[in-house]
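Colleague: I would like to learn how to read a structure, one feature at a time. Could we work through an example together?

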Amino acid sequence: MYVDAFTIAAVADEVRMTTLGGRVQEVMVVDSLSLGFEIYALGRRHYLLMSADPRLARVHLAQGRLRRCVDVATPLLLLLRKWVRGARFMSIEQPPFERILRLRFEHPEQGVCALLIECMGRHSNIVLLDANDTILECIKRVGADVNRYRVTLPKQPYVSPPPQEKWPPDQLTELRVREVIAAGKPGEPAWKLLVRGIQGVSPLLAREICHRAWD
C-alpha cells in the first residue's frame with residue numbers, strides 16, 4: 001500500500017473539513033501499531049484511524065465505529081487519554097510534500113499538545129509532543145543505537161526527518177523533469193527516476209504518470 005504526500009494532503013483536507021474544532025471523546029488502541037479517535041464535530045461522531053504499521057501505515061477517517069483491541073494500558077494510550085481525550089481539535093498541518101500530519105489539540109486542563117503521524121514505510125511512527133515539541137511518548141521508541149539523527153524517545157526534542165534531495169513538485173519545470181530522467185542509467189524504468197528525483201511521488205503515482213504520458 002502506497003501512501004504518498006498527495007494522498008496525505010487529500011486526507012488532511014477531508015479531516016479538516018469534517019472534524020476541525022471538534023471534541024475528542026475517546027481514544028483507543030486498534031492494534032499494537034494503530035490508534036483510533038472518536039471526534040464529535042458538526043453534530044455527529046467521526047472516527048479517525050492512524051497506523052504506524054510498516055506495510056500499512058496510514059491515516060484516514062473510518063466509515064464506521066472503530067473496534068478496539070484488548071484495552072492494554074500502554075504508556076502512549078495513558079498519555080493520550082490525559083492530553084487528548086476531552087481536548088479540542090485545533091489544527092491539522094502537513095509539512096510540504098512530506099508523508100506527515102501534525103494534529104494540534106487544546107485540552108482545558110493540560111493545555112496544548114501535538115500528535116505527529118508519520119506514514120513513512122518502515123520508519124512510520126506516531127509521536128505525542130508537548131507545547132515545546134518535546135516528545136511525551138511514541139508508538140515506536142527509536143534509540144540512538146538505531147538512528148543517531150532522530151532519537152525518538154520520551155523527554156527528547158522532536159527532530160523532523162532529514163530533507164529530501166529531490167525537486168519539490170511546485171518547482172518543477174520541463175527542463176528539470178528532463179534532467180531527472182536523464183540522470184538514470186540506460187534502461188532504467190522512468191517511474192523509478194521520478195520517485196528518486198521528485199519529492200512526494202510514490203511508485204504507484206510514478207507508474208500512473210508514465211502510463212498516461214506514454215499512452
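What follows is a short dialogue about a predicted model.

Colleague: Let us begin with empty space. How much space lies in the largest pocket?

Modeller: Rolling a probe the size of a water molecule over the atoms shows where empty space is left. Here the largest pocket holds about 750 Å³ of space.

Colleague: Which residues lie nearest the centre of the largest pocket?

Modeller: Those are Arg99, Cys119, Met120, Gly121 and His123, out of a lining of 36 residues. By type, the lining splits into 17 nonpolar, 10 polar and 9 charged residues.

Colleague: Next, a helix. Is helix H4 mostly covered or mostly open?

Modeller: An α-helix has 3.6 residues a turn, so residues three or four places apart point the same way. Helix H4 spans residues 190-197, and 6 of its 8 residues are buried, which leaves the helix mostly covered. The buried ones are Ala190, Trp191, Leu193, Leu194, Val195 and Gly197.

Colleague: What covers the buried residues of H4?

Modeller: The cover includes H3 and helix H5 (203-214). Trp191 of H4 also has a charge over its ring: the charged end of Arg207 sits 3.9 Å from the ring centre.

Colleague: How many aromatic pairs does a search of the whole structure find?

Modeller: The search finds 3 aromatic pairs. One aromatic cluster is formed by Phe37, Phe89 and Phe105.

Colleague: Now single residues in loops. Is Thr152 buried or exposed?

Modeller: Buried means under 20% relative accessible area. Thr152 has 7%, so it counts as buried. Thr152 is found in the loop between strand S9 (135-138) and helix H3 (174-182). Leaving aside residues up to four places away in sequence, Thr152 touches Asn125, Val127, Ile135, Cys138, Lys140, Arg141 and Val142.

Colleague: And the backbone angles? What is phi of Leu42 near?

Modeller: Phi of Leu42 is near 55 degrees, a positive value in a residue other than glycine. Leu42 lies in the loop between strand S2 (34-41) and strand S3 (44-51). Leu42 is exposed because its relative accessible area is 71%.

Colleague: Which loop holds Asp133?

Modeller: Asp133 lies in the loop between strand S8 (125-129) and S9. Asp133 is not a glycine either, yet has a positive phi of about 65 degrees. Its relative accessibility is 26%, so Asp133 counts as partly exposed.

How values were computed: Residues numbered from 1 in each chain as written. Predicted model: local features only at pLDDT ≥ 70, side-chain atom pairs only at ≥ 80, totals over all residues. Heavy atoms only, no water. Helix = DSSP H or I, 4+ residues; strand = E, 2+ residues; numbered from the N terminus. Buried < 20%, exposed > 50% of the residue type's maximum accessible area, 1.4 Å probe, protein only. Contact = heavy atoms within 4.5 Å. 1 Å grid on protein atoms, 1.4 Å probe; cavity = no way out; pocket = protein on both sides within 12 Å on 5 of 7 lines; lining within 4 Å. Points joined across faces, edges and corners; volume = space filled by probe spheres on them. Nonpolar A, V, L, I, M, F, W, Y, C, P; charged D, E, K, R; others polar. Phe/Tyr/Trp six-rings, centres within 6.5 Å; stacked < 30°, edge-to-face > 60°. Lys NZ or Arg CZ within 6 Å of the ring centre and 35° of its normal.
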